[in-house]
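Visitor: Please pick one part of this model and take me through it closely. I would like to start from a single element and follow what lies around it, step by step.

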Amino acid sequence: MHIPDGVLSINVILSTYVALMGVTYVAFSRISKIWSSSLAGKTSSIAALTFAAQMINWPIPGGTSLHFVGGALSGIVLGPWAGFTAMLIVLLVQALIFHDGGLTALGANAINMAVVAVFSGYVLYKLLSRRSTWIAGFTSGWLSVFLAGALCGVELWLSNPISITPLVVMALWHAALGVIEGAITASAIAYVKKKAPQIIEV
Amino acid sequence: MKLPRWLIVATALILVSPLFGIYLADLVGYHEPLDIAIEILGLKEWEDKWPFKDYSIPGLDPYLGYIASGFIGVGAIALTIFILNRALIYIRKKGS
């Protein structure tokens, strides 16, 4: 889901960078009030695990492929602002060192995976977690990937408004592939909740 | 010294990652929905010569390069959060 250089229009590049700067300013204002060595350790571990998990690509023969995103998991374990920070650092390292995701598309990639995926996953988990941890984890993981993928399609469409097909492709494929993200998110949350429930922020 | 559990899990993920990220990806022709969308629009990613592009290390076997990239990435993330931690502690001390 990492948008490369060369596919977004200048308007989309600038507007997503401006939006990212706004969210980053608010996030750092918020986390500076709650920051602790414990939160630093948790943020570091979730960011490192997300980075390592994103290196595992799941090729699906005859179809399309995907990798874990981890936005919902970050938001649920760290809370939305530290979750955003963890995902932003992962995306920065991927773009600046490995050029996985273009530098011109960093604003859009961060809005999709560090803002939309983290906040949607966090909010949905908070709403549903009283009923069932697994269902809450699954639906928040699924929704986070579906929304991030669909927004990525919207950014492509706004940049190249010649056809709506790419938007439909992104939304439908991520609705289907999000099932795997949901299963991993639910399993990881259930495991953490069993072994160390105190580290989950929600 | 006991290693933190997250570091053990991250190391295990990095060590098995070339199996999925290189071997199986080449076997089935890895492409994401985004690649399909970009193809439909007839767009092309900019050509560039990024030294560690796609988790490779120049001069190193692709499998070893992928694993080394994983450790470089985890190290860069830990270093970034270490610096952020110091900066936030400094800002808080200065403010109080």
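Guide: Happy to! Let's start with helix 1 of chain A, whose buried residues are covered by neighbours that include helix 4, helix 5 (106–128) and helix 6 of chain A. Please keep in mind that this is a predicted model. The buried residues in question are A:Val12, A:Ile13, A:Thr16, A:Leu20, A:Ala27 and A:Ile31. Helix 1 itself covers residues 10–34 of chain A, 25 residues in total, and its first and last C-alpha atoms are 36 Å apart, close to the 36 Å expected at 1.5 Å a residue.

Helix 5, one of those covering elements, leads us to the largest nonpolar core, which has 87 residues. In that core, A:Ala52, A:Ala148 and B:Ile77 have the most contacts. Helix 5 of chain A supplies the largest share of this core, 14 residues. As a general point, nonpolar side chains in soluble globular proteins tend to be buried together.

Just before helix 5 there is a residue worth a stop: A:His99 sits in the loop between helix 4 and helix 5 of chain A. Its phi is positive, about 50°, although A:His99 is not a glycine. A:His99 counts as buried because 22 other C-beta atoms lie within 10 Å, and the cut-off for that class is 20 or more.

Now follow B:Ile77 from the core across to chain A. B:Ile77 touches A:Ser44, A:Ala47, A:Ala48, A:Phe51, A:Ile89, A:Val90 and A:Val93, leaving aside residues up to four places away in sequence. The whole contact between the chains takes 47 residues from chain A and 47 residues from chain B. On the chain A side, the elements giving two or more residues are helix 2 (37–54), strand 1 (57–58), helix 4 (80–98), helix 6 (133–159) and helix 7 (165–195). Helix 2 gives the most, with ten residues. By type, this side of chain A divides into 30 nonpolar, 15 polar and two charged residues.

From chain B, helix 1 (residues 5–28) also reaches over to chain A: its buried residues pack against helix 2 and strand 1 of chain A, together with helix 3 (62–95) of chain B. Those buried residues are B:Ala10, B:Leu13, B:Ile14, B:Ser17, B:Pro18 and B:Gly21. At B:Val16 this helix bends by about 45°, and a proline, B:Pro18, follows within four residues. End to end, its 24 residues reach 33 Å between the first and last C-alpha, close to the 34 Å expected at 1.5 Å a residue. After helix 1 of chain B comes B:Gly29, with a positive phi near 75°.

Stepping back to chain B as a whole, its elements run α-α-α from the N terminus on. Its radius of gyration is 19 Å, well over the 12 Å that the globule rule gives for 96 residues, so chain B is more spread out than a compact globule. Its C-alpha trace spans about 55 × 35 × 25 Å along the principal axes, and buried residues make up 24% of the chain.

One last stop is B:Asp54, in the loop between helix 2 (33–40) and helix 3 of chain B. B:Asp54 also has a positive phi, near 55°, and is not a glycine. With 14 other C-beta atoms within 10 Å, B:Asp54 is partly exposed, whereas A:His99 is buried.

Note on methods: Residues numbered from 1 in each chain as written. Chains lettered and ligands numbered in written order. Predicted model: local features only at pLDDT ≥ 70, side-chain atom pairs only at ≥ 80, totals over all residues. Contact = placed C-beta atoms within 7 Å. Nonpolar A, V, L, I, M, F, W, Y, C, P; charged D, E, K, R; others polar. Expected span 1.5 Å × (residues − 1). Buried ≥ 20, exposed ≤ 12 C-beta atoms within 10 Å, placed from the backbone. Rg over C-alpha atoms; globule rule 2.2 N^0.38 Å. Core = buried A, V, L, I, M, F, W, Y, C linked by C-beta atoms within 7 Å. Bend = angle between axes of the 7 residues up to and from the residue.
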